[in-house]
There are 2 protein chains.
Amino acid sequence: MHKISIKDVAKKANVSITAVSQILNNKGDRFSAETIKKVLQARDELGYVPNSAARNLKVRHSRLIGIIVPSFRMPFFADIIQSMQDNAPEDVNLVFIGSTADNLQSSIYSLVERGVQALIFGRPIPNRDVVNAFLKKRHIPYLVLDQNADINAQDMVQTNEFTGGSLAASHLLSLGHRDIALILPNDLTDNMRQRRAGFLDTLSAANVTPISVISAALSKHGGLAVVHQLIQSQATAAFILNDEMAIGVLRGLTWQNVKVPEDISIVGYDDTDYAEFVVPSLTTIAQPVAEIGQSALNMILQRLAHPNLPYQTAFFDVKLVIRESTAQLSTDQ
Amino acid sequence: MHKISIKDVAKKANVSITAVSQILNNKGDRFSAETIKKVLQARDELGYVPNSAARNLKVRHSRLIGIIVPSFRMPFFADIIQSMQDNAPEDVNLVFIGSTADNLQSSIYSLVERGVQALIFGRPIPNRDVVNAFLKKRHIPYLVLDQNADINAQDMVQTNEFTGGSLAASHLLSLGHRDIALILPNDLTDNMRQRRAGFLDTLSAANVTPISVISAALSKHGGLAVVHQLIQSQATAAFILNDEMAIGVLRGLTWQNVKVPEDISIVGYDDTDYAEFVVPSLTTIAQPVAEIGQSALNMILQRLAHPNLPYQTAFFDVKLVIRESTAQLSTDQ
DNA sequence: TGTTTTTGGTTAAACGTTTTACTTAAAAAT
DNA sequence: ATTTTTAAGTAAAACGTTTAACCAAAAACA
């Protein structure tokens, strides 16, 4: 029942607890080699593990960073958090939490209670002003991955969403398509609004407007649900703001015996792991996910080190990855 | 810079810190309604958030549970942790960590340092005896999802892997297949060994042995890498121990113009989200992922409440989900 | 009236660290 | 031979809570 504390190792090594603390934290330059050895040995024999609650309490910080994503089940975010974890320095701890809009407030509260020193939002923040006030009051810097944010209120890492949408449009245009559908998730993040804007702008620069705009749930099933409308719209191509939905659409189309890309071209967004593996493989806009994750983490660490520097925003480029789901408009239509 | 502590709210409300503590923890039955109101108001005005490091230090526990999975990027584990988080009681905190075999030891150490009271392993444990000794010494109960474990050393939740393999075999057999390949990940967990055993046993009961056994990396790319060998083996069906690999195989087969299920039937394992969405949709063995996650969490919570009860193991059934990737052996081969 | 109970609190110790300020003995410098 | 410096350590306070033990005043009782 008794948990081994620093006292126990001090007693066993016959030194003060100060000595143990200093030595175990590599601040033991004033101690003799012999004492150091005694302490290390006592530590090992007892299997002492420091209590970080006590440590955090005393030093008044935790090196703990909270990461809030919408869901662990979305490959895009799974990639992000994996890359953060893989690149986190030894001495910082990450805590991931998947949080819907509903319980975002309580997630934040719980993280603050746990002592996070900074937060990274992988999802849009409803009630941004109250969240901002709450966090600012407690001097907890945060960073958001969405574009819907005041550039002077926090750090950001962004990708060039507008270009992404634009790339999709010009690709489809260059293949000769003019009857193009746009498929959106029901709830648009600001990132997605930018994608849409880029897409729409580029289309209209070529004097085309979408033949149809359809919304559905942001999921594979959402994509599935939309194929009937898509087929009826007579579109020869579709841009879908998200790979997961796109995969749903692909699936539905195959079941309806609509051939991709012969009958309709599809382009997705994100370049999720699976984009390469579906049949037909998915043309999509790739974001540098791993870099985004790393960069977000590094920026927030920087912020912790220099709280008063002006806010930064990192910018990443996207690129079009052409696979099998898009093709030249066939003339015999 | 100054962080609001319980002292500040005590001062503001003009009461002792004991009063604040008791009232805020709903143990304030001895206090007058007026005092309670004063305290609550002071708390709200100051925006006081309790410091759980201090609390944990004092009460000597954390209600913190560590979950170790191989990777956030594997849909199977993403589902598991999501279901845990969705079902965790208000007062317990979960910390997820993706850890390879290499850094498992240091992950465990770091979690113990952070004060976890229990651990759930979603991955096999190399060096089980040292891990067991380490954890037992510190009275940290743990639970493993793999089958390679001493039933008397910790709680477990298992699925009927043997039956899973067996189901796959009899399905293929009943479709008339006799030339059946088996595709394995390079590193087999004990769960997978059981799958294999069930599969092989059922095959041999029908007097058939696999026409070929192939190993590759446990990933979509691993599956892809294997299709050449698979085609050369002349198998008319294959059982693949994992959906991700199976999806890779499916992909590769399509590129090689081998038709599934006309030319070859494929059955996977896990019934990952994507199984339903690939083309052709994947026949596979479904595990009740969400229930597994919940059950694991509940069991370990039980264990915390009753440390001395005998170890339990929960058992879940699997089922065969027939989709498009398997079909009757065509006679014209 | 004097005694006991009840009501509504407060005091102070403890949890396991880190860190500042001391101490003491030996070595070096004068 | 005294003083100063250095080397090697220790004592004790503090971080923010919780909780056991205590206390005073008012209410109830005899």
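1. In this predicted model, the side chains of Asp190(A) and Arg193(A) form a salt bridge in which the closest N and O atoms lie 3.4 Å apart. Both residues belong to helix H9 (residues 190–205) of chain A, and, being 3 residues apart there, they are separated by about one helical turn. Asp190(A) is partly exposed at 22% relative accessibility, a value that may be read against the limit of under 20% used for buried residues. Arg193(A) is likewise partly exposed, with a relative accessible area of 39%.

2. A second pair in chain A connects parts that are distant in sequence: Arg323(A) and Asp271(A) meet through their side chains in a salt bridge of 3.0 Å, N to O. Arg323(A) lies in the segment after strand E12 (319–321), whereas Asp271(A) sits in the loop between strand E9 (265–270) and strand E10 (283–286), so the pair ties together parts of chain A that are 52 residues apart in sequence. Asp271(A) counts as partly exposed, its relative accessibility being 23%.

3. Towards the start of the chain, Glu45(A) and Lys12(A) form a salt bridge with an N to O distance of 3.3 Å. Because Glu45(A) lies in helix H3 (residues 33–46) and Lys12(A) in helix H1 (residues 6–13) of chain A, this pair joins parts that are 33 residues apart in sequence. Glu45(A) has a relative accessible area of 44% and is partly exposed, and Lys12(A), at 44% relative accessibility, is also classed as partly exposed. Over all chains, the structure holds 24 salt bridges.

4. As to the overall form of chain A, the chain contains 13 helices and 12 strands. Its radius of gyration is 26 Å, well over the 20 Å that the globule rule gives for 333 residues, so chain A is more spread out than a compact globule. The C-alpha trace of chain A spans about 90 × 40 × 30 Å along its principal axes. Buried residues nevertheless account for 54% of the 333 residues in chain A, and, among contacts between residues at least 6 apart in sequence, 69% join residues at least 24 apart.

5. Turning to the interface, the contact draws 59 residues from chain B and 59 residues from chain A. The area buried between the two chains is about 5,000 Å², with carbon and sulfur atoms giving 54% of that area. The count of residue pairs in polar contact between chain B and chain A, with both residues at pLDDT 80 or more, is 26. On the side of chain B that touches chain A, the elements giving two or more residues include helix H3 (33–46), helix H5 (75–87), strand E2 (93–98) and helix H12 (243–255) of chain B. By class, that side of chain B has 28 nonpolar, 16 polar and 15 charged residues.

6. Which charged residues pair across the interface? One such pair is Asp273(A) with Lys220(B), whose closest N and O atoms are 3.1 Å apart in a salt bridge. In general, side chains of opposite charge can pair when their charged atoms come close. Across the interface of chain B and chain A, 8 salt bridges are found by the rule. A network of salt bridges also links Arg73(A), Lys220(A) and Glu244(A) with Asp79(B) and Asp273(B).

Terms used: Residues are numbered from 1 along each chain as its sequence is written. Chains are lettered from A and ligands numbered from 1 in the order in which they are written. This is a predicted model: local features need pLDDT of at least 70, side-chain atom pairs count only at pLDDT 80 or more; totals for chains, interfaces and linings use all residues. Side-chain values use heavy atoms; hydrogens and water are left out. Contact means heavy atoms within 4.5 Å. Buried area is the accessible area (1.4 Å probe) that two parts lose on being put together, summed over both. A salt bridge is a side-chain nitrogen of Lys or Arg within 4 Å of a carboxyl oxygen of Asp or Glu. A polar contact is a pair of N or O atoms within 3.5 Å; within protein, one must be able to donate a hydrogen and the other to accept it, and residues adjacent in sequence count only if both atoms are side-chain atoms. Helices (H or I, at least four residues) and strands (E, at least two) are DSSP runs, numbered from the N terminus. Ala, Val, Leu, Ile, Met, Phe, Trp, Tyr, Cys and Pro count as nonpolar, Asp, Glu, Lys and Arg as charged, and the others, Gly among them, as polar. The radius of gyration is taken over C-alpha atoms; the globule rule is 2.2 Å times the number of residues to the power 0.38. Buried means under 20% relative accessible area, exposed over 50%, partly exposed in between (1.4 Å probe, protein chains only).
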